[in-house]
Amino acid sequence: MNNKTDTMQELISRGRNVLHEEAKAIISATANINEGFARAIKLILNSSGKVIVSAIGKPGYIAHKISATLSSTGTPSFFLHPAEALHGDLGRVCREDVMLILSNSGETAEIVNMLPTLKRIGVPIISVCGSADSMLAKHSDIFISSKVEHECCPLNLAPTTSTTLALAIGDAVAVALMQEREFSTEHFAFYHPGGSLGRKLLLTVEKVMRGGEKACLLSRDTTILDALFTMTRHLSGAVLIVNQQNAVEGIITDGDIRRYVMYNNLFLQAAVVEIMNPCPVCIHQHQLVDEALSIMEQHQPGPITVLPVLNDLNQAVGLLHLTDLLNIRPVPDAI
């Protein structure tokens, strides 16, 4: 029993040590994010082509991920396999592009053999490399060091710490580019239309608002009693007061009626203009549901639960209730 406990603790300790060693390597490498890194970001921002990420072996998997992250966050990119590049795929490279090449040693044969052709094409090269004295680093326009003291592999052979650091540097490049491009949630959703996250972010108010009769549009001479009946019939919690052109003149919520009854001995045959809020916060039908929720939550002096929905002519076309947003169900991703 004790042997089993000892074994479990030993395994836990080994796992934690790996995370500690890799985290320590990333923290130590923050000094490598210097003027060279900044020049790399500016180079990519000023290029009119794509970022071509290339590596082989285990770093190749990291390069795939970096390229995918760049592409989905506003920087067009693709992965180029060095071996395939030497057999014709270098034809995909243009001088308007930027090469981002990963290699721990900087001496990998397939990568070194690409360099003469890349130089003839005239494409700028950014290298993320473990050796500043390597062939790759010396022939790069910009060098970003990814040197690690040792791999966390007990044999100091399998790419582990070095690939983790390369991935972190790739993320740093992608995030810096996102911020410089002012990449927004709307942009993110545009590049992720197939996922439930993208569908949620792209969902507009008009897709979830209550339109038609459920919009509860009433004229200013409607009685408070009729307004109350309308709210009850449509379970809306509010009605909109509009003019003949359907422009919003005010809003009445069930809370407004309760408060008026409590403090003013309300006579239900009075016109709705007696208690309506003449300056309601509105939202346009093409705005995103995320924006609607933010407006409701951040309203001062307190949150609100209902928003009138306007079209491009500022006419009332619907009513959006907080429950409409809370009832949104994400569509499962396709398998």
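Is histidine 20 buried, partly exposed or exposed? In this predicted model, histidine 20 is partly exposed, because its relative accessible area is 48% and that category covers what falls between buried, under 20%, and exposed, over 50%. You'll find histidine 20 in helix α1, which spans residues 2-28. Try tracing from there to cysteine 152: the two residues are 132 residues apart along the chain, yet their C-alpha atoms are separated by 9.6 Å.

**A sheet with β7 in the middle**

Now let's look at a sheet. Three strands, in the order β6-β7-β8, make up an open sheet with mixed pairing. Its edges are β6 (217-218) and β8 (248-253), each of which pairs on one side only. A helix also joins the picture: α11 (residues 224-234) packs on this sheet and touches β6, β7 and β8. The direction of α11 makes about 130° with that of β7.

How do β6 and β7 run relative to each other, parallel or antiparallel? They run parallel, and two bridges join β6 to β7, the strand of residues 238-242. If you want a pair to look for on screen, leucine 217 stands opposite leucine 240 in β7.

Why is β7 described as largely enclosed by the rest of the structure? It's because five of its five residues are buried. Here's a rule worth knowing: in a regular strand the side chains alternate between the two faces of the sheet. You can follow the two directions in β7: Ala238, Leu240 and Val242 point one way, while Val239 and Ile241 point the other way, and all are buried.

**Around histidine 234**

Helix α11 also holds histidine 234. Its relative accessibility is 19%, and the cut-off for buried is under 20%, so histidine 234 counts as buried. Leaving aside residues up to four places away in sequence, histidine 234 touches Arg210, Glu213, Lys214 and Cys216.

One of those contacts, Cys216, has a backbone detail of its own. Cysteine 216 sits in the loop between α10 (205-208) and β6, and it has a positive phi of about 55° although it is not a glycine. What makes that worth a second look is a general pattern: most residues other than glycine have a negative phi, and most peptide bonds are trans.

Glutamate 182 is another residue with a positive phi, again about 55°, although it is not a glycine. Its place is the loop between α7 and α8 (185-191). Are cysteine 216 and glutamate 182 buried or exposed? Cysteine 216 is buried, because its relative accessible area is 2%. Glutamate 182 is exposed, because its relative accessible area is 66%.

Here are the accessibility values for the residues discussed so far:

| Residue | Relative accessible area | Class |
|---|---|---|
| Histidine 20 | 48% | partly exposed |
| Glutamate 182 | 66% | exposed |
| Cysteine 216 | 2% | buried |
| Histidine 234 | 19% | buried |

**Another three-stranded sheet**

Further along the chain, β9, β10 and β11 form an open sheet in that order, with mixed pairing. The edge strands here are β9 (283-284) and β11 (316-321), and each pairs on one side only. Strand β10 (residues 306-310) pairs with β11 in the antiparallel sense, over five bridges. Within that pairing, proline 308 stands opposite leucine 319 in β11.

This sheet has a helix too. Helix α13 (residues 289-298) lies across β9, β10 and β11, and runs at about 135° to β10. In the loop between α13 and β10 you'll come across proline 301. The peptide bond joining glutamine 300 and proline 301 is cis, with an omega of about 15°.

**The largest pocket**

Last stop: the largest pocket. About 300 Å³ of space lies in it. Which residues lie nearest its centre? They are Ser103, Asn104, Ser105, Glu151 and Ser162, out of a lining of 22 residues.

The lining residues of the largest pocket divide into nine nonpolar, 10 polar and three charged. Both β3 (98-103) and α7 (161-180) supply at least two residues each to that lining. The largest share comes from α7, with three residues.

Methods. Residues numbered from 1 in each chain as written. Predicted model: local features only at pLDDT ≥ 70, side-chain atom pairs only at ≥ 80, totals over all residues. Heavy atoms only, no water. Pairing = 2+ DSSP bridges. Helix = DSSP H or I, 4+ residues; strand = E, 2+ residues; numbered from the N terminus. Contact = heavy atoms within 4.5 Å. Axes fitted to C-alpha atoms, helices over the stretch in contact; angles between N-to-C directions. 1 Å grid on protein atoms, 1.4 Å probe; cavity = no way out; pocket = protein on both sides within 12 Å on 5 of 7 lines; lining within 4 Å. Points joined across faces, edges and corners; volume = space filled by probe spheres on them. Nonpolar A, V, L, I, M, F, W, Y, C, P; charged D, E, K, R; others polar. Buried < 20%, exposed > 50% of the residue type's maximum accessible area, 1.4 Å probe, protein only.
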